[in-house]
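Colleague: Before I plan around this protein, could you take me through its charged pairs, its annotated site and one of its helices?

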Amino acid sequence: MSYEIKTGNKQAEPLLWTGDFYNEGTGSGDIFDTLKEECGVFGVFGHPEAASMSYYGLHALQHRGEESAGICVANGRDFNYHRGMGLVKEVFDKDKILSLVGDMSIGHVRYSTSGDSRLTNAQPLIFKYRDGDLAIATNGNIVNEPLIRRQLESSGSIFQTTSDTEVLAHLIARSPKDFVEAAKEALQQLVGGFAFLLMTNDKLLVASDPNGLRPLVMGRVGEAYIFASESCALETIGAELVRDIQPGELLILDKDGLTEDRFAEPQRKALCAMEYIYFARPDSDMNGANLHAARKRMGSRLALEGFVDADIVTGVPDSSISAAIGYAEQTGIPYELGLIKNKYTGRTFIQPSQELREQGVKMKLSAVRRVVEGQRVVMIDDSIVRGTTSRRIVNLLREAGATEVHVRITSPPFKNPCFYGIDTPDRRELIASHQSVEEIRREINADSLAFLSPTGLIQSIGGLSSGDYKGGLCLSCFDNDYPTQVDFGGAEKEGCSC
């Protein structure tokens, strides 16, 4: 729905569009220019309440995608599924969950790039092919998807969606081999970062890209196997974390149980560093590291690298709270709740004026005047993208009476677009790609500015001890060192289109 203000005979521009569902059209129009998450996947094998478990698992992964949700359940004969636009709690109710009968399921929550928010792209995607039903859910991005799509279309394929995922279905359907071998061959043709769940009437396949760019874990509840983008979803349903899915690994679950296989040899391990910095929930574990503890270490290391004398430390909620606590503990400067986030506003405001745009910011984030007034404030945040959000938050603190605002960022400068599933702006819109730290400081109106070094980031996470290159992290958004080929003669894309 929308509303308009009328003045006399002249109709003013629409002030606000709420849309048909929460978060409709989220993307570059968001008043906060923060990075958009990829997606979240959740799978169950061998549990009679697979749909209910997927529902609760997707709730725990809601932060990874707030535009659409879906669950598909197999009962050995056919599929039952439901997908919809909006939050998990909006898409599903008790009756819908009860209608999804089966002991095997895959679920999905999704963010999309701007302009690509529609039900046809909501996952899991469901297909009919020669061997029966096929459902696919993925988190990530296939860099060479435009090239593969063009080749498939030239040989007669007709696509129903703009999602990367459909490419994999076409590749599998074209193979004369059995499902597992066809899936292996299809996965081998893909370049990018991805975590796939593929389900037929009697099988569940789980796959991670050869670099392990996108997170995926396995858990157990009794005899049932659970798979999720983050371990926090396992905790929600009482599952025990077993391990991370390894790069290039392919797990096959059927009537014979679990078979551990692979479709490709592991390449340079490169889990997305932004998972540790920003995306994943603080109660999740990745590669043996707890996210809250890792972020506290980032804040502590940032205090050593970029100390500034101040009265209080505050974090931009929610992802920077852990780092702010670490910074405060390292320096002895008190941590205070200087910024409050309103969790109940949507992402769909379209303001016709700068004044209303700034008001939209205050609807989502408020400075606590009694805490920051008259204080020298260290503001901890996870990243600076275009710089507009940082400037607005700094100004919020100043308007609330802060005498100084010193900004500390728990990542290196974000200079390059992501090709593996994060919806990032064009390189030209990334402020750090063309401005120095001092220029950015002036742009965001801060008294001082410092970023965490790449070495500090790696050591905070704890990856150097493993001996992996760059601690087993993908730092390409900071250093332009991509772990895969990203140039396919223009037939590639950035961001997330899962």
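Modeller: Please keep in mind throughout that this is a predicted model. A good place to begin is the salt bridge that E230 forms with R64, in which the closest N and O atoms are 2.7 Å apart.

Colleague: How many residues apart in sequence are the parts that this pair of E230 and R64 ties together?

Modeller: E230 sits in the loop between β14 (224-228) and α7 (232-236), while R64 sits in the loop between α1 (50-60) and β6 (68-74). Both residues of the pair are buried. Because the two loops lie in separate stretches of the chain, the pair ties together parts whose separation in sequence is 166 residues.

Colleague: Which residues are linked with R64 and E230 in a network of salt bridges?

Modeller: Side chains of opposite charge can pair when their charged atoms come close. In this model, the network that contains R64 and E230 also takes in R214 and E275.

Colleague: For the salt bridge between K128 and D133, which partner counts as buried?

Modeller: The closest N and O atoms of K128 and D133 are 2.6 Å apart. K128 has 72% relative accessibility and therefore counts as exposed. Buried means under 20% relative accessible area, and the residue that meets this cut-off, at 6%, is D133.

Colleague: R281 and D283 also form a salt bridge; are they buried, partly exposed or exposed?

Modeller: Their closest N and O atoms are 2.6 Å apart. Partly exposed covers what falls between the 20% and 50% limits. R281 has a relative accessibility of 27% and D283 has one of 38%, so R281 counts as partly exposed and D283 counts as partly exposed.

Colleague: Where does UniProt place the feature "active site", and in which strand does that residue lie?

Modeller: The record, an unreviewed entry, places the feature at C39. C39 is buried, with a relative accessible area of 0%. The strand that holds C39 covers residues 39-45 and is β5.

Colleague: Turning to helix α9, which residue caps its N-terminal end?

Modeller: Helix α9 runs over residues 291-305, and its 15 residues reach 21 Å from first C-alpha to last, close to the 21 Å expected at 1.5 Å a residue. Its buried residues include L291, A294, R295 and M298. At the N-terminal end, a side-chain oxygen lies 3.1 Å from the backbone nitrogen of H292, and the capping residue that supplies this oxygen is N290.

Colleague: Finally, how many salt bridges does the count come to?

Modeller: The rule asks for a side-chain nitrogen of Lys or Arg within 4 Å of a carboxyl oxygen of Asp or Glu. By that rule, the count of salt bridges comes to 30.

Methods. Residues are numbered from 1 along each chain as its sequence is written. This is a predicted model: local features need pLDDT of at least 70, side-chain atom pairs count only at pLDDT 80 or more; totals for chains, interfaces and linings use all residues. Side-chain values use heavy atoms; hydrogens and water are left out. Helices (H or I, at least four residues) and strands (E, at least two) are DSSP runs, numbered from the N terminus. Buried means under 20% relative accessible area, exposed over 50%, partly exposed in between (1.4 Å probe, protein chains only). UniProt positions are given in the numbering used here, feature names are shortened, and annotations may be inferred rather than shown by experiment. The expected span of a helix is 1.5 Å times one less than its number of residues. A polar contact is a pair of N or O atoms within 3.5 Å; within protein, one must be able to donate a hydrogen and the other to accept it, and residues adjacent in sequence count only if both atoms are side-chain atoms.
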